[in-house]
Amino acid sequence: MATRRHWLVKSEPGTYSIEDLERDGKTCWEGVRNYQARNFLREMKVGDALLFYHSSANPPGVVGLAEVVREAYPDHFAWDERSPYHDPRSTEDDPVWYMVDVGFVERFPEPLPLPELKKDPALEGMELLRRGSRLSVQPVSKAHFDHIVKLARRRS
DNA sequence: GCCAACGTTGGC
DNA sequence: GCCAACGTTGGC
């Protein structure tokens, strides 16, 4: 079996929250419109583990875990003129944007707020904490991933 | 609401 | 290929 990879995905809770994913069980991760983030989406394999991050929240932070349940396929919202994610450069014959399906794994009893993650020396070098980092889909090292899960357990 | 950081666009 | 202008992200 191939080694499972680890990632972090951001969502604004007003758009789609961990509570929404808990309710839905799974969802398609549409709307990624950044090439670097898209390339990471296309690298994802079924079973890869995801940190679910609430951006533009009070406070922002990691709120739970999800997993990849379907590998990358064309993001058809790009073809929909009424969608906020519409992008005329992407067509059915030649898709530009992709999405995966993600499944709910767990919601942390308490969110891990960004300011606390910033203070943690064990998370040094994490992409999320890099100054000016805006990537909405990013790889996470296993060590950083495991440490964050451990922090979540410690809080409960 | 502000603004720093970043990505994209388009003129040249 | 350079780079200024612009739009977006996202913390604060």
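This section describes a predicted model of a protein with DNA strand B, taking in turn the nonpolar cores, strand β3, two buried residues in helices and the surroundings of the DNA.

The largest nonpolar core comprises 20 residues, of which Leu21, Trp29, Met44, Leu50, Phe52 and Val137 touch the most other members. Two or more residues are contributed to this core by each of the elements β1 (6-11), α1 (18-24), α2 (35-43), β3 (49-54), β4 (61-74) and β5 (98-113). Apart from this core lies another, made up of 19 residues that include Leu51, Val62, Phe108 and Met126. In soluble globular proteins, nonpolar side chains tend to be buried together.

Strand β3 is largely enclosed by the rest of the structure, because six of its six residues are buried. Ala49, Leu51 and Tyr53 point one way from the strand, whereas Leu50, Phe52 and His54 point the other way, and all of these residues are buried. Such a pattern may be set beside a general rule, namely that in a regular strand the side chains alternate between the two faces of the sheet. Within β3, Leu50 and Phe52 are listed among the residues of the largest core that touch the most other members, while Leu51 belongs to the other core, that of 19 residues. When neighbours within four places in sequence are left aside, leucine 50 is in contact with Trp7, Val9, Met44, Gly64, Leu65, Ala66, Glu67, Val68, Val102 and Phe145.

The pairing of β3 involves both β1 and β4. With β1 the pairing is parallel and extends over six bridges, and histidine 6 stands opposite alanine 49 of β3. With β4 the strand runs antiparallel, and six bridges join the two; here leucine 51 has leucine 65 in β4 as its bridge partner. β3 and β4 form a hairpin with six residues between them, and in the turn serine 56 has a positive phi of about 50°.

Two buried residues in helices were examined individually. Phenylalanine 40 is found in helix α2 and is buried, with a relative accessible area of 15%. Not counting residues up to four places away in sequence, phenylalanine 40 touches Trp7, Leu135, Val137, Gln138 and Pro139; Trp7 is also among the contacts of leucine 50. Phenylalanine 40 and proline 115, by contrast, are 75 residues apart in sequence and 26 Å apart in space, C-alpha to C-alpha. Histidine 147 has its place in helix α4 (residues 142-155) and is likewise buried, at a relative accessible area of 14%. Under the corresponding exclusion of residues up to four places away in sequence, histidine 147 touches Asp120, Ala122 and Leu123, and a polar contact of 2.6 Å joins its side chain to that of aspartate 120.

The surroundings of DNA strand B consist of Asn34, Tyr35, Arg89, Arg130, Arg131, Gly132 and Arg134, and the residues of this surface divide into one nonpolar, two polar and four charged. Of the DNA atoms within 4 Å of the protein, 77% belong to sugar or phosphate and the rest to bases. Both kinds of group are represented in the side-chain distances of two arginines: an N or O atom in the side chain of arginine 89 is 2.7 Å from a phosphate oxygen of DNA strand B, and an N or O atom in the side chain of arginine 134 is 2.7 Å from a base oxygen of the strand.

How values were computed. Residues are numbered from 1 along each chain as its sequence is written. Chains are lettered from A and ligands numbered from 1 in the order in which they are written. This is a predicted model: local features need pLDDT of at least 70, side-chain atom pairs count only at pLDDT 80 or more; totals for chains, interfaces and linings use all residues. Side-chain values use heavy atoms; hydrogens and water are left out. A nonpolar core is a set of buried Ala, Val, Leu, Ile, Met, Phe, Trp, Tyr and Cys residues joined through side-chain atoms within 4.5 Å. Buried means under 20% relative accessible area, exposed over 50%, partly exposed in between (1.4 Å probe, protein chains only). Helices (H or I, at least four residues) and strands (E, at least two) are DSSP runs, numbered from the N terminus. Contact means heavy atoms within 4.5 Å. Two strands pair if DSSP finds at least two bridges between them. A residue is near a molecule or strand if one of its heavy atoms lies within 4 Å of it. A polar contact is a pair of N or O atoms within 3.5 Å; within protein, one must be able to donate a hydrogen and the other to accept it, and residues adjacent in sequence count only if both atoms are side-chain atoms. Ala, Val, Leu, Ile, Met, Phe, Trp, Tyr, Cys and Pro count as nonpolar, Asp, Glu, Lys and Arg as charged, and the others, Gly among them, as polar.
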